[in-house]
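Here is a quick tour of one model, starting with what counts as hidden and moving on to a sheet, a helix and some charged pairs. Have the structure open while you read.

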Amino acid sequence: MSNSNSKDYVLGMIGLGTMGRNLLLNMADHGFAVSGFDLDPQKVAQLEEEADGNNVKGFSTIVDFVGSLKSPRTIMLLVPAGKIVDSVIEDLLPLIDQGDIIIDGGNSHFTDTNRRVEDLERQGLHFFGMGISGGEEGARRGPSMMPGGDKAAYEVVKPILEAISAKVDGEPCVTYIGPGASGHFVKMVHNGIEYGIMQLIAETYEVFKKGLKLDNETIQRTFKEWNEGKLQSYLLEITSDIFAFKDKKTGRLLVDLIKDQAKAKGTGKWTSQISMDLTLPITVIDTAVAMRDLSRFKDLRVRAAAVYSKKELNGLQSEDQQAFIANLKEAFYFSMIITYAQGMHLLMQASEEYGYGLDLAKIAKIWRGGCIIRAHFLDTIYDAFQEHSDLPHLLLDAKVESLIQESLSDARSIISKTIQQGIAVPAYAAALGYFDTLRSESMPDNLIQAQRDFFGAHTYELIGSEGSYHTNWEEKL
């Protein structure tokens, strides 16, 4: 335990990278006295320089840092997910007391959070995992936050979190999510939805560039126009800004100089993996993860392009360009709705499987501001689950059904035309395929069941009969 008598700070942050530092500065702006710790003295100095003496103190030694905190101590971690989180917790344990609170604000895998919740509870410590969305600007000006775990611990820090969060219609974009690792699970699915929408925007760019041969100025203007009205979203907003940003050295658009090889930190992959564990399809998100992976194989793609080079198609030049863009806008809206619907369905299934008791209306509500996937459509999602908390799927909501019907024919037309021209739109196609299968009262899986029984004696079930059956399919009739 520290011998320091200066116990003035209500919350301490371990990890003073951009996110941790900006969150502390945000707290200080709202009148909370906070402290931070980092092994890097330059980061400590940067914190105090930017705070300019305003309710913030930085520390380079963990003992002094812990000693600076009021009891019960509240300590937030913003360090890389995985073993580093466990290492930091181990360093803290000899310095803190029963009743103290530890918050993991990183993108930890929810199974790691489950383990930490149980381990620390046995030691008399309060712990919760909290997803934070909004990037460095959100952390500084108001993020969306998804805390889950120890509810008593959340109540202690609730005033701080509500003060620093983004606000929509005066309401804070933070709420208690549920027990265990529910906060990190919801953030993981949030990131999966983010993957899906980013892939849809990238494919739209592909259609603009390769199909319609639009110049960058027109692409920028079109994305800007799309971001007005029902398609309004943070991701479209920044996409429009990207197409207006020029490289200072060359004068060219920076986006044209960036490699077409996308990286990832793993949360999209985690979303796909857990959806398969729960046997619930999220096809747009799965496709987005797969396409990022495929982008990494640049050399292979270059070789394949040479092997399968073909005479240049007419592209979409014969189309009425303005009409086509209007139809593409509706196809994007359709596919975006499907992406959100898949994510909400996964949350619903996980809530039942893990006993999270998720309130999907509240989750949609806090996603409306601060976070990366904030969009006008989240108001519709909020209304749907607020009116029917037991709604089995977002696509069964009457308002959503009308939006789908309005955009469906355009989605079919756009996907068909682009595929015919060899323009890759896998996420768009995954959205439509999911929808058409979901609305199919009868699927062809009776054949799959028969095949499984034929080669593996896996049995099948019969319509109108109880029990399982096996047939000797090779028996002569």
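A word on terms before the tour: a residue is called buried under 20% relative accessible area, exposed over 50%, and partly exposed in between, using a 1.4 Å probe and protein chains only. By that yardstick D436, at 21%, counts as partly exposed.

This is a predicted model, so to speak of local features takes pLDDT of at least 70 and side-chain atom pairs count only at pLDDT 80 or more, while totals for chains, interfaces and linings use all residues. Numbering starts from 1 along each chain as its sequence is written, and side-chain values use heavy atoms, leaving out hydrogens and water.

Now the sheet. Helices (H or I, at least four residues) and strands (E, at least two) are DSSP runs numbered from the N terminus, and two strands pair if DSSP finds at least two bridges between them. Seven strands make an open sheet with mixed pairing, in the order β3-β2-β1-β4-β5-β6-β7. The edges are β3 (56-59) and β7 (144-149); each has a single partner strand, so one side of each lacks a neighbour in the sheet. β2 (34-37) pairs with β3 in the parallel sense over four bridges, and F37 sits opposite F59 in β3.

Next, α5 (110-122). This helix has 13 residues, and its buried ones are F110, T113, R116, V117 and L120. Seen down the axis of α5, they fall within an arc of 110° (taken from the directions from the helix axis to the C-beta atoms), so they line one face of the helix. Among the elements covering them, by contact (heavy atoms within 4.5 Å), are α4 (83-92), β5 (101-104) and α14 (321-354). Just past α5, G124 has a positive phi of about 80°.

What about charges? A salt bridge means a side-chain nitrogen of Lys or Arg within 4 Å of a carboxyl oxygen of Asp or Glu, and the whole structure has 21 of them. Three are listed here.

| Salt bridge | Closest N to O distance |
|---|---|
| D86 and R115 | 3.1 Å |
| E171 and R368 | 3.9 Å |
| D436 and R412 | 2.7 Å |

D436 lies in α18 (426-438) and R412 in α17 (398-420), so that pair ties together parts 24 residues apart in sequence. In the E171 pair, E171 is partly exposed at 33%, whereas R368 is buried at 15%. Back at α5, D86, D104, D112, R115 and R116 are linked in a salt-bridge network.

Terms used:
The expected span of a helix is 1.5 Å times one less than its number of residues.
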